[in-house]
Amino acid sequence: MTFGEIVSTALINTLLGMGTVFAMLLLISFVISLFQFIPKEESTAAGKATEKATETMNQAEDEEDQAELVAVIMAAIMASQQNQKEGDELLMAGQTPADGQPWPYIVRSIKRRR
């Protein structure tokens, strides 16, 4: 192949690729222009009232859920603090937990191996 043939082949490939991309962009643009014919949902006065009522109900439920969540978190914190106090007392006395199970966390030294 001569240099001229290589350049003409490259030019044809370039034009074909750019033409394909341009054609796809035109097709996408046409499809987007058809979106205006899709009917839009019109809300009436009753629909607006229903939406507002639903919104206020959701807000009330969210506030209740938040109050419950705060209560659960506080209970977990209090239980954790109570367990920690009991564990500290047992640790100072050199005992194991009441259920006879070993302590959940064991600290061991870490040595690097080669």
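**Exercise 1.** Work out how much area the protein chain exposes and which atoms supply 63% of it.

*Solution.* Start with the total: the protein chain exposes about 11,300 Å², an area from the Shrake-Rupley method with a 1.4 Å probe, where for residues only the protein chains shown count as cover. Next, look at the atoms: carbon and sulfur supply 63% of that area. Keep in mind that this is a predicted model, in which local features need pLDDT of at least 70, side-chain atom pairs count only at pLDDT 80 or more, and totals for chains, interfaces and linings use all residues. Residues are numbered from 1 along each chain as its sequence is written, and side-chain values use heavy atoms, leaving out hydrogens and water.

**Exercise 2.** Find the secondary structure of the protein chain and say where phenylalanine 30 sits.

*Solution.* First, count the elements: there are two helices and zero strands (DSSP runs numbered from the N terminus; helices are H or I with at least four residues, strands E with at least two). Then locate the residue: phenylalanine 30 lies in helix 1, residues 3-33.

**Exercise 3.** Decide whether phenylalanine 30 and glutamate 68 are buried, partly exposed or exposed.

*Solution.* Recall the cut-offs: buried means under 20% relative accessible area, exposed over 50%, partly exposed in between (1.4 Å probe, protein chains only). Phenylalanine 30 has 48%, so this residue is partly exposed. Glutamate 68 reaches 51% relative accessibility and therefore counts as exposed. Now step back to the protein chain: of its 114 residues, 3% are buried.

**Exercise 4.** Identify the residues that methionine 1 touches, and place methionine 1 along the chain.

*Solution.* Begin with the place: methionine 1 belongs to the segment before helix 1. Then check for contact (heavy atoms within 4.5 Å): leaving aside residues up to four places away in sequence, methionine 1 touches Ile6 and Thr9. Finally, its relative accessibility is 75%, so methionine 1 is exposed.
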